[in-house]
Amino acid sequence: MPLDAVCLTALVRELRPALEGARVDKIFQPGREEVLLHLRGPEGSRKLLLTANPSHPRLQFTELGRENPAAPPVFCMLLRKHLTGARILSVTQPPAERVVDLALETRNEMGDLVCRHLILEAMGRRSNLILTDEAGRITDCMRRVDAGLSSLRPVLPGLFYRLPPMREGKRDPLETGREALDALLDGAAREQTAADWLLDQFAGLSPLLCRELAWRAGGATDLPLAALTGETRVRFLDAFESLCASARTGPAEPTALLKDGTPKDFSLLPIRQYGDHFERRRYDTLSLLLDDFYAARETGERVRQRGQELLRALTSARNRTARKLQVQEKELAEAQGRERYRIAGDLITSNLYRMERGMDKLTCQNYYDPAGGEIILSLDPLLTPQQNAAKYYRRYTKAKTADAVLTRQLAQGRAELDYLESVLEAVGRAEGERDLNEIRQELEDTGYLRRRRDGKKQPKRQRPQPMEFRSSAGLRISVGRNNTQNDQLTCKSAGKGDLWLHTQGIHGAHVILWTEGGEPDEESVREAAMLAAWYSQGRESGKVPVDYTPVKYVKKPNGARPGMVIYTTYRTLYVTPDRGLAARLAVKK
């Protein structure tokens, strides 16, 4: 669910003790729509994440590492200029609004102490992060909104900041007591459901919470208002009062809903309306819940954003290669039917005595046909019979040459297409900007991308580092992140007795099970095979065939693209990709 105002109130209450009085030590902008503040306070160093991403806007303490771009964005530089060293005075939330205002004491250009405000608006597609000066004038914002986008509330540097307009007639649920709610119910239309009535009457409540309150009152999410009588009405009032108390003063019970191990929704209290259809997982704090809930999807989103250029270049090259292969295959099919040209030349030569210049066709017996039937041959009336025969022989010779050339070109084209597919698969597995930079470097080395020339000295290339795991028996397992790392692992790092694993017939990572001179146990081989299946195109399949063989049987052909090898004397293991295996066996760095 989106972070509604009630849940945001509980989150602000949770963060306030550690934020107020803390100083901003460093500022980073790891993503286009997120800012990371490194804080020093009485409780030690913390990292505060503020994100204005329309899909998941929020603020929270985070423990997750995030890669920063090589050059900080302009908005990040602006925040560093005005907020580095600033002390957080207060953290406030306007009533029933998905807005959080951080007041910070800092110094201006003249060295005077001033109060600036960093305001997060966590309002879906209108989410924004805004910096204002001591007079309330907007210094800059993450997403500029001009009059063309919003005539009611433009958000631009130089304008005074105004809160988003609240919908008329909506009430703040946290300021509505039990008696006031009871009175409102008396005047409500009986045909409405309780959940819809709550959404119409109150600001800051998500549909999930409204349905949960109805379910706690009467055991149904579509409970009609007409059913709110007697004990059902008392339970409804109790549930509403308990929700507001949890948000205002606590204790909150941060809970995530999971389906097949994947987080699907969350709230500040246990959600019971789904029964046993979802697993409920409790967290100590809302920040821990949000870290866990958004970790995987945000990583994937950042990789997709930063990998768009690579994907466009690769997709274009793959499609171009595929089209070229189709044309060459058609030409090869025509060339392989070249015998008809030689036969036509022979038949014309053997019937020269019957021909005259100016003929446009020749009907003669086809002595190559076992049945001895007749054949009609097309002729060029402007050519002599001898020239027509020579023309057919030239077409035969050309097709014969084309057969050899096209066969060679098709083999090269299929190898190139296979390589591009493998790089696309590696981009899909990339976990951060470092992985994407290695793939970019590989594409520059192979000529698919132009080298960037920005006048700056290029940093020294670091040696690729594969992913590291430990099997249940303690054996080391290495997994290549891309073709460059695959080559490094298989052709340079691994010993001849170590075990090499790769999915059969589909693209994926090279996996090395380091045997340390011994014989690996079956469970370690199976776990390595499951990692090979997970880090491949077959990760969503039921059963994936994984070939394994000692490294000594794996060879890299001369001139082959990065990551391309051939192997012999192998065995095959069928395994099911395990989503949690990589996390369980990963070596913490």
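Guide: Welcome! Helices (H or I, at least four residues) and strands (E, at least two) are DSSP runs, numbered from the N terminus. This is a predicted model, where local features need pLDDT of at least 70, side-chain atom pairs count only at pLDDT 80 or more, and totals for chains, interfaces and linings use all residues. Residues are numbered from 1 along each chain as its sequence is written, and side-chain values use heavy atoms, with hydrogens and water left out.

Visitor: In which helix is Leu286 found?

Guide: Leu286 is buried (under 20% relative accessible area, 1.4 Å probe, protein chains only), with a value of 2%. Leaving aside neighbours within four places in sequence, its contacts (heavy atoms within 4.5 Å) include Cys7, Leu11 and Pro254. The helix that holds Leu286 is α7, residues 286-306.

Visitor: Are α9 and α10 roughly parallel or roughly antiparallel to each other?

Guide: The axes, lines fitted to C-alpha atoms over the stretch in contact, give angles from 0 to 180 degrees between N-to-C directions. Those of α9 (residues 339-350) and α10 (residues 385-429) come within 8 Å and cross at roughly 160 degrees. Angles over 145 degrees count as roughly antiparallel, so α9 and α10 are roughly antiparallel.

Visitor: Which residue in β14 does Leu362 stand opposite?

Guide: Along β13 (residues 361-365), Leu362 and Cys364 point to one face and are buried, while Lys361, Thr363 and Gln365 point to the other and are not. Strands pair if DSSP finds at least two bridges between them, and β13 pairs with β14 (residues 374-378) in the antiparallel sense over five bridges. Opposite Leu362 stands Leu377.

How values were computed
Parallel < 35°, antiparallel > 145°, perpendicular 65-115°, else oblique. Buried < 20%, exposed > 50% of the residue type's maximum accessible area, 1.4 Å probe, protein only.
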